[in-house]
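Thanks for coming. I will go through one structure today, element by element, and keep it short.

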Amino acid sequence: MVRNGYIQYFMSFLQKKEILILIGPRQAGKTTVLKEVEKTLKAKNEKTIFFNLDIEKDKEHFSSQEDFLNRIKLEFGKKFGYVFIDEIQRKENAGLFLKGIYDSEPNFKIIASGSGSLELKENIQESLAGRKLLINLSVFTFFEFADYKTDYKYSNKLKEFFIYEKNYAERLLKEYLLFGGYPRVILEETIREKEIIISEIMQSYLEKDVTQLGIEKSHVFSKLLRLIAASTGKISNFQELASTLGISTITLQKYLWIAEKTFTIQTSTPYFTNVKKEITKAPIYYLHDTGFRNYLLGFWDAELQPNDSGMLFQSFIFNQLKTLIHSYRFSLKFWRTKDKGEIDIILDTSREQIPIEVKYSKLKKQELTRSFHSYIEAYSPKKAYVVNLSYRDTKKIKQTEVHWIAFYELDEIFR
């Protein structure tokens with residue numbers, strides 16, 4: 001399974017002086033990306049060396065900064081090269097270790113990977129301030145998943161392919177909604193095998209990320225994740241969550257912060273300008289992967305739950321948009337009013353807000369909810385979108401261009 005989009009994006013930073021650190025969820029494919037980048041550099045006759053700190057032999061070279069520098073000098077001599085360090089969070093005081101190496105102005109570029117706990121556990125923000133670039137790697141997006149499922153036959157033209165093969169696109173969507181985008185889960189053929197892999201990922205996350213970050217009650221943390229999974233797309237009630245879990249609201253907020261920083265949940269905050277009419281400041285949470293969410297809820301079946309598919313689709317669209325905006329200064333919010341008006345997603349830029357309604361339906365005509373009309377009436381956005389399964393159309397409502405687009409056309413929003 002290849003991730004050409006991420007690899008090209010990552011390669012674009014190689015000329016930067018700063019240390020490049022690839023972070024993301026466990027089992028998202030960070031090692032694979034580093035290996036592919038190294039392979040590309042080797043093909044250009046560049047000097048490289050690869051360390052994996054899960055391997056004891058490789059750890060020996062990290063006993064001190066001096067030993068590390070001597071090992072690199074032995075490999076590269078006086079030539080410039082690229083040093084890859086996989087699982088850097090295994091190194092104690094990784095931030096300080098890398099800071100010392102960077103400040104010695106070595107004749108090589110450091111490229112590292114680490115789990116979500118790296119940034120928290122090693123206080124890397126302070127240690128490497130001004131010395132590093134963090135690049136986030138998500139699980140496979142729907143397009144990466146579809147690329148793999150179609151044997152890369154339609155790379156760079158999947159959208160056009162889906163316009164002609166709508167039923168096939170929907171079958172792929174259902175599989176992705178059920179099992180998500182973890183590479184190892186995608187590779188397995190049977191539901192049972194997929195379940196075993198996602199269970200291993202969950203257990204590894206609790207043992208190696210959550211526990212190491214000082215959360216002693218991992219069973220409470222996992223229960224919190226199940227509660228969030230069950231309330232996807234709904235406004236959170238901190239007091240109710242804390243009471244259910246038997247913890248303080250301060251502890252709850254710490255748990256939520258850790259869950260977000262370790263790439264398990266994603267936050268959507270409310271958009272409002274009229275405080276009197278528009279609702280509370282409480283956020284909405286989404287699990288970063290639909291398969292992970294379904295596993296937490298025990299929905300690991302061969303069919304979508306009828307009463308759950310709409311919210312699952314909304315979570316999917318939120319996650320896909322979150323991945324698309326990584327190179328833009330946009331944020332994703334939601335809109336709720338006290339008189340029951342609601343918009344699923346607001347794409348908030350520095351200059352405008354774009355409302356996005358999500359419909360898990362094969363629309364046959366131009367349909368808009370009362371809430372959508374209310375938002376357009378109140379804010380007069382330049383553009384608005386209704387994301388559905390296949391219907392495509394455009395309509396002008398006063399000053400707003402409303403676009404109905406299929407779920408595989410999300411990139412249209414950024415044009």
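Before anything else, one cut-off: a residue is called buried here when its relative accessible area is under 20%, exposed when that is over 50%, and partly exposed in between. Please also keep in mind that this is a predicted model.

With that cut-off, take helix α15, residues 249-261. Which residues of α15 are buried? They are Leu-252, Tyr-255, Leu-256, Ile-258 and Ala-259. The arc they cover around the axis is only 165°, which puts them on the same side of α15. The general background is that an α-helix has 3.6 residues a turn, so residues three or four places apart point the same way. The length of the helix can be checked as well. At 1.5 Å a residue, the 13 residues of α15 should span 18 Å, and the end C-alpha atoms are 18 Å apart, which agrees. After α15 comes Phe-263, with a positive phi near 60°.

A second helix for comparison is α17, residues 309-324. Its 16 residues should span 22 Å at 1.5 Å a residue, and the end C-alpha atoms are 22 Å apart, so expectation and model agree. Twelve of the 16 residues of α17 are buried, so the rest of the structure largely encloses this helix. The buried set includes Leu-312, Phe-313, Phe-316, Ile-317, Phe-318 and Leu-321, and also polar residues, among them Ser-309, Gln-314, Asn-319 and Gln-320.

Now the parallel sheet. It is an open sheet of five strands, in the order β2-β3-β4-β1-β5, with parallel pairing. At the edges are β2, residues 47-52, and β5, residues 132-136; each has a single partner strand, so one side of each is left without a neighbour in the sheet. On average, neighbouring strands of this sheet are turned by 20° against each other, direction ignored.

Strand β1, residues 19-24, is joined to β5 by five bridges, and five bridges also join β1 to β4. Both pairings run parallel. On the β5 side, Ile-19 stands opposite Lys-132, and Ile-23 has Asn-136 as its bridge partner. On the β4 side, Gly-24 is partnered with Ser-115.

How many residues of β1 are buried? Six of its six. In a regular strand the side chains alternate between the two faces of the sheet. In β1, one side holds Ile-19, Ile-21 and Ile-23, the other holds Leu-20, Leu-22 and Gly-24, and both faces are covered. One helix that lies across β1 is α5, residues 94-103; α5 also lies across β3 and β4, and runs at about 170° to β4.

Next, a residue in helix α4, residues 65-76: Glu-75. Is Glu-75 buried, exposed or partly exposed? Its relative accessibility is 34%, so Glu-75 counts as partly exposed. Leaving out residues up to four places away in sequence, Glu-75 touches Lys-47, Thr-48 and Ile-49. The side chain of Glu-75 also makes a polar contact of 3.0 Å with the side chain of Arg-71. As for distance, Glu-75 and Ile-284 are separated by 209 residues in sequence and by 50 Å in space, C-alpha to C-alpha.

Last, the antiparallel strands. Strands β8 and β9 run antiparallel and are joined by five bridges; in this pairing, Lys-333 has Ile-346 of β9 as its bridge partner. The hairpin of β8 and β9 has five residues between the strands, and Lys-340 in it takes a positive phi near 80°. Thr-337 lies in the loop between these two strands. At 10% relative accessibility, Thr-337 counts as buried, and its side chain reaches the backbone nitrogen of Gly-341 at 2.8 Å.

From β9 the chain goes on to β10, residues 353-358, and the two pair in the antiparallel sense over four bridges. The hairpin that joins β9 to β10 does so through four residues, and Ile-345 stands opposite Ile-356 in β10. Six of the seven residues of β9 are buried, so the strand is largely enclosed by the rest of the structure.

That is what I had; questions are welcome.

Notes
Residues are numbered from 1 along each chain as its sequence is written. This is a predicted model: local features need pLDDT of at least 70, side-chain atom pairs count only at pLDDT 80 or more; totals for chains, interfaces and linings use all residues. Side-chain values use heavy atoms; hydrogens and water are left out. Two strands pair if DSSP finds at least two bridges between them. Axes are lines fitted to C-alpha atoms, for helices over the stretch in contact, and angles run from 0 to 180 degrees between N-to-C directions. Contact means heavy atoms within 4.5 Å. The expected span of a helix is 1.5 Å times one less than its number of residues. Buried means under 20% relative accessible area, exposed over 50%, partly exposed in between (1.4 Å probe, protein chains only). The arc is that of the directions from the helix axis to the C-beta atoms. A polar contact is a pair of N or O atoms within 3.5 Å; within protein, one must be able to donate a hydrogen and the other to accept it, and residues adjacent in sequence count only if both atoms are side-chain atoms.
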